[in-house]
Amino acid sequence: MGTDSGPKVAIVGAGYVGSTAAYTIMLSGLARRLVLVDVDRARAEGHALDLVHGSPLTAPVEVRAGGYEDCRDADLVLFCAGAAQRPGQSRLDLVEQNLEVLRDSLPLLTACPQAILLMVSNPVDVLTLAALRLTGWSPSRVIGSGTVLDSARFRQALGHHFGVDPRNVHAYVVGEHGDTEVPLWSRATVAGFTVSEFEALTGKHIGDRSAFFARVREAAQQVISRKGATYYAIAVVLRRILEAILNDEHSVLTVSGLVEGAYGLGDVCLSLPTIVGRRGREQVLALPLAAEELQALTESAALLTKFSEHRLPGSRHP
């Protein structure tokens, strides 16, 4: 079976995250063509060769290394290039270095008339806004991986606490993918029960919710301190977002993108529950929030806005 007419995914940055995402996508069968682009061409070629050797045992897929010109007809571009978070660093600490990488790379991607750009590099919210301004693309086509992983970690932690399959837990984390992210305890459910109802039903009380969520928020640092980087879980997240887009699922995911009026916020990229399909971000869902959650989300947005003021092209506050 030929692969020329199937979905094409380009991955910019073939480091830990980019290469693991390529592996996960290849196993998923979502893409028929995968292109790996990296400033270290030999590294991209090595990853492509390694993946190709396994391709006879997967769905048909063409995997190769390439340059930015090979992204031209991509359906989706994953931007994973730049520095990774190190022990003790916040994601915002990476902005200057990764913004420079973005400025150098994005002009080379503008010949992708149909592509959706999925930003993965950190700080993902700031860089998503930067990418939106640098490309001039529609806000629906410029997406950040956002708090999809944070929401998964929140669900896993709740499922583990209650002894329930986390697939039966629905819980969102919104705002910044970082230190000011906001867990929506008021909207979280376990098998249809609120968290408080499920605590009463099982007798498994969480206790201090702030301390409980602190472990979720600090999960990345726990991984980084032990093995230097996080890449498996984020690769699964990227596969899930690609699945929603390429299969036009209209799934609800907490991706990052431009907020235009929800909760009175604007000119900032952050994560909110969003319907995701073939056109990218199709609709942001402004869920009713508890007063303290709305306040925390407003503060998270204010931090991102202030942080971006003197760093991004097209800032309203030059």
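Start with the lining of the second largest cavity, which divides into 5 nonpolar, 2 polar and 1 charged residues. In this classification Ala, Val, Leu, Ile, Met, Phe, Trp, Tyr, Cys and Pro are nonpolar, Asp, Glu, Lys and Arg are charged, and the others, Gly among them, are polar. Select Asp 125, Val 126, Leu 129, Val 268, Cys 269, Leu 304, Thr 305 and Ser 308 to show this lining. At least two lining residues come from each of α4 (124-135), β14 (266-271) and α10 (291-308). Helices (H or I, at least four residues) and strands (E, at least two) are DSSP runs, numbered from the N terminus. The space in this second largest cavity is about 30 Å³.

This is a predicted model, in which local features need pLDDT of at least 70 and side-chain atom pairs count only at pLDDT 80 or more, while totals for chains, interfaces and linings use all residues. Residues are numbered from 1 along each chain as its sequence is written, and side-chain values use heavy atoms, with hydrogens and water left out.

**Cavities and the second largest pocket**

On a 1 Å grid over the protein atoms alone, a cavity is a set of points where a 1.4 Å probe fits but cannot get out; a pocket is an open set with protein on both sides within 12 Å along at least five of seven lines, and lining residues have an atom within 4 Å of a point. Grid points are joined across faces, edges and corners, and a volume is the space filled by probe spheres set on the points. The count is 2 cavities of 30 Å³ or more.

Next, go to the second largest pocket, which holds about 380 Å³ of space. Select Val 148, Ala 152, Arg 155, Val 252 and Leu 253, the closest to its centre of the 18 residues that line it. Two or more lining residues come from each of α5 (148-162), β7 (169-170), α9 (232-246) and β12 (251-253). By class, the lining of this pocket has 11 nonpolar, 3 polar and 4 charged residues.

**From β7 into its sheet**

Keep β7 selected and add its sheet, an open one of 3 strands in the order β7-β10-β11 with antiparallel pairing. β7 and β11 (193-194) are at the edges with a single partner strand each, so one side of each has no neighbour in the sheet. Two strands pair if DSSP finds at least two bridges between them. Between β7 and β10 (residues 189-190) there are 2 bridges; in one bridge, His 170 has Thr 189 of β10 as its partner.

**Strand β4**

Now select β4 (residues 76-79), where Leu 76 and Leu 78 on one side and Val 77 and Phe 79 on the other are all buried. Buried means under 20% relative accessible area, exposed over 50%, and partly exposed in between (1.4 Å probe, protein chains only). In a regular strand, side chains alternate between the two faces of the sheet.

Add strand β1 (residues 8-12), which pairs with β4 in the parallel sense over 4 bridges, and strand β5 (residues 116-119), also joined to β4 by 4 bridges and running parallel. Val 77 is a useful centre for the view: Ala 10 stands opposite Val 77, and Val 77 stands opposite Leu 117 in β5.

**Aromatic pairs**

The structure holds 7 aromatic pairs. Rings of Phe, Tyr and Trp (its six-membered ring) pair if their centres lie within 6.5 Å; planes under 30 degrees apart count as stacked, over 60 as edge-to-face and the rest as tilted.

Select Phe 154 and Phe 213: their ring centres are 5.4 Å apart and their planes at 80°, so the pair is edge-to-face. Phe 154 is in helix α5 and Phe 213 in helix α7 (residues 209-217), 59 residues apart. Phe 154 is buried at 0% relative accessible area, and Phe 213 is buried at 3%.

Then select Phe 162 and Phe 198, with ring centres 5.1 Å apart and planes at 85°, so this pair is edge-to-face. Phe 162 is in helix α5 and Phe 198 in helix α6 (residues 195-202); both are buried. To finish this stop, show Phe 154, Trp 185, Phe 212 and Phe 213, which form one aromatic cluster.

**Backbone stops**

Most residues other than glycine have a negative phi, and most peptide bonds are trans. The bond from Asn 122 to Pro 123 is cis, with omega near 0°; Pro 123 is in the loop between β5 and α4. His 250 has a positive phi, near 60°, and lies in the loop between α9 and β12. Tyr 263 has a positive phi of about 60° and lies in the loop between β13 (256-260) and β14.
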